[in-house]
Amino acid sequence: MNKHMQAIADKISHGVRLDKRDGLFLYNEADLLDIGQLAREVKMNKTGQHVFFNVNCHINLTNICVSRCKFCAFGVDEEGTGGPYCMTAQEAFDYGSNEVGGGITEFHIVSALHPKMPFEHYVGIVESLHKAYPDIHIQAFTAVEIVYFAQISGLSVEQVLRELQAAGMGSMPGGGAEILNDEIRRDLCPKKANSEEWLEVHRIAHQLGILTNCTMLYGHIETIEDRIDHMLKLRELQDEAPGFQSFIPLPFLPDNTKLSHISRTGAVDDLKTIAISRLMLDNIDHIKAFWIMQGIPIAQVALHFGADDMDGTIVEERIMHAAGAQTSKGIGKQQMINLIRETGYLPTERDTVYNILRTY
Ligand code: V47
């Protein structure tokens with residue numbers, strides 16, 4: 001093993017934090033299998049044989065979006081092509097209700113930045129689902145949506161979060177983080193929350209007791225240094241105001257986007273990113289190999305490179321499929337159990353906040 005790699009292994013075994021130089025070394029110079037082995041050791045120390053999944057249903061309320069980020073194939077204009085839709089409150093309620101019989105424990109609600117729907121529309125949807133199904137956890141709205149709700153309602157971010165929490169929102173997903181570098185954001189997504197706004201929403205959410213996730217969109221125009229800086233910003237916020245449950249690396253899918261000339265990342269980059277995030281993010285318990293993004297075979301291998309969570313059964317994923325995801329749009333619970341079991345780990349059904357419901 002190279003000297004720097006040995007020093008990193010020593011740091012990990014003594015619980016010493018990796019720094020930016022270590023992160024850059026791991027990406028640029030270290031051997032893939034060495035990184036994977038270290039990340040797997042950390043995973044085993046944290047969650048042993050468990051590999052988590054949940055039974056959930058994604059609800060994307062609308063695809064009509066004022067932001068129109070360069071990397072996104074889901075958002076469309078109100079009058080344009082691409083099948084603009086916007087669920088009414090009743091349609092959203094019916095969409096969620098339809099899946100309740102399937103044993104879901106979570107509604108995962110993410111939307112676009114609709115030009116006309118008022119904040120009350122979103123509060124009403126959360127409230128109606130929560131009233132009808134109080135035992136089903138509602139994980140809803142990215143930090144980008146929260147900032148937008150504050151803009152359209154005139155409320156503060158804290159007031160928006162408090163209202164949603166009172167209506168039944170239990171936690172927040174990790175989307176919208178992209179790369180926490182404002183030069184890149186000004187190019188990719190100038191119309192939505194900037195880095196500090198994204199972090200501030202999660203800071204306030206954590207202070208209010210709302211657990212959240214965090215993501216990183218990679219494989220577009222960012223550098224390796226941007227990725228490491230992104231991880232360090234998340235780690236710093238987690239030190240200051242803990243509340244991130246899981247980190248989800250999202251490889252950029254280029255189809256039908258304004259960046260369609262960029263190639264999809266390869267398996268080596270995807271596995272390195274999973275493993276390096278496990279090593280850098282020592283204060284975030286769970287790393288997701290989101291099967292929709294990674295594809296099932298790489299997601300399975302990622303479980304041996306530090307990931308400990310496959311995300312959920314989903315029912316109908318729309319955002320990644322608009323951008324060319326090759327997986328199915330949802331997966332049956334038994335299939336999820338089988339594919340985790342095949343990796344040698346213990347399939348473990350969790351609720352949204354990582355209480356273990358059952359092992360298989
Ligand atoms: O913020 C959009 C990403 C995110 C593309 O918290 C793309 O558990 C790749 O964050 N290629 C939304 N990625 C989805 C998301 C998520 C998904 C599953 C679980 C959780 C969780 C969060 O999707 C967006 C953006 O970063 N995205 N377009 C694309 N073409």
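A pocket, as the word is used here, is an open set of grid points with protein on both sides within 12 Å along at least five of seven lines, and its lining residues are those with an atom within 4 Å of a point. In this predicted model, the largest pocket has 13 lining residues, and those nearest its centre are Leu253, Arg264, Gly324, Ala325 and Gln326. The space in this pocket comes to about 150 Å³, and its lining is made up of 6 nonpolar, 5 polar and 2 charged residues.

Rolling a probe the size of a water molecule over the atoms shows where empty space is left. Besides the pocket, the structure contains 2 cavities of 30 Å³ or more. The largest cavity has a volume of about 790 Å³, and of the 43 residues that line it, Val110, Gly175, Gly176, Ile319 and Met320 lie nearest its centre. Several elements contribute to this lining, with at least two residues supplied by each of β2 (56-60), β3 (106-110), α6, β6 (211-218), β7 and α14. By residue class, the lining of the largest cavity comprises 22 nonpolar, 13 polar and 8 charged residues.

The second largest cavity holds about 50 Å³ of space, and its lining divides into 1 nonpolar, 6 polar and 4 charged residues. Among the residues that line it are Asn213, Lys288, Asp311 and Tyr354, and two of these deserve a closer look for their backbone. Asp311 belongs to strand β9 (residues 309-312), and although it is not a glycine, its phi is positive, near 70°. Asp311 counts as buried because its relative accessibility is 7%, where the cut-off for buried is under 20%. Tyr354 sits in the loop between β10 (346-350) and β11 (356-359); its phi is likewise positive, near 70°, in a residue other than glycine, and with a relative accessible area of 13% Tyr354 is buried.

Tyr354 also leads to Ser246, a residue of strand β7 (residues 244-251). Once neighbours within four places in sequence are set aside, the contacts of Ser246 are Thr212, Asn213, Cys214, Ile284, His286, Lys288 and Tyr354. With Asn213 there is a polar contact of 3.1 Å between the two side chains. Ser246 has a relative accessibility of 0%, and therefore counts as buried.

A residue with another degree of exposure is Val315, in the loop between β9 and α14 (319-322). Its relative accessible area of 33% makes Val315 partly exposed, and beyond four places in sequence Val315 is in contact with Asn56, Cys57, Glu99, Lys329 and Gly330. His220 is 95 residues from Val315 along the chain, and the C-alpha atoms of the two are separated by 28 Å.

The last stop is helix α7 (residues 157-167), in which Val157, Val160, Leu161, Leu164 and Ala167 are buried. Viewed down the axis of α7, these buried residues fall within an arc of 125°, so they line one face of the helix. The elements that cover them include α5 (119-132), α6 (143-153), β5 (169-172) and α9 (195-207). After α7 comes Gly168, with a positive phi near 125°.

Terms used
Residues are numbered from 1 along each chain as its sequence is written. This is a predicted model: local features need pLDDT of at least 70, side-chain atom pairs count only at pLDDT 80 or more; totals for chains, interfaces and linings use all residues. Side-chain values use heavy atoms; hydrogens and water are left out. Helices (H or I, at least four residues) and strands (E, at least two) are DSSP runs, numbered from the N terminus. Buried means under 20% relative accessible area, exposed over 50%, partly exposed in between (1.4 Å probe, protein chains only). A polar contact is a pair of N or O atoms within 3.5 Å; within protein, one must be able to donate a hydrogen and the other to accept it, and residues adjacent in sequence count only if both atoms are side-chain atoms. Contact means heavy atoms within 4.5 Å. The arc is that of the directions from the helix axis to the C-beta atoms. On a 1 Å grid over the protein atoms alone, a cavity is a set of points where a 1.4 Å probe fits but cannot get out, and a pocket is an open set with protein on both sides within 12 Å along at least five of seven lines; lining residues have an atom within 4 Å of a point. Grid points are joined across faces, edges and corners, and a volume is the space filled by probe spheres set on the points. Ala, Val, Leu, Ile, Met, Phe, Trp, Tyr, Cys and Pro count as nonpolar, Asp, Glu, Lys and Arg as charged, and the others, Gly among them, as polar.
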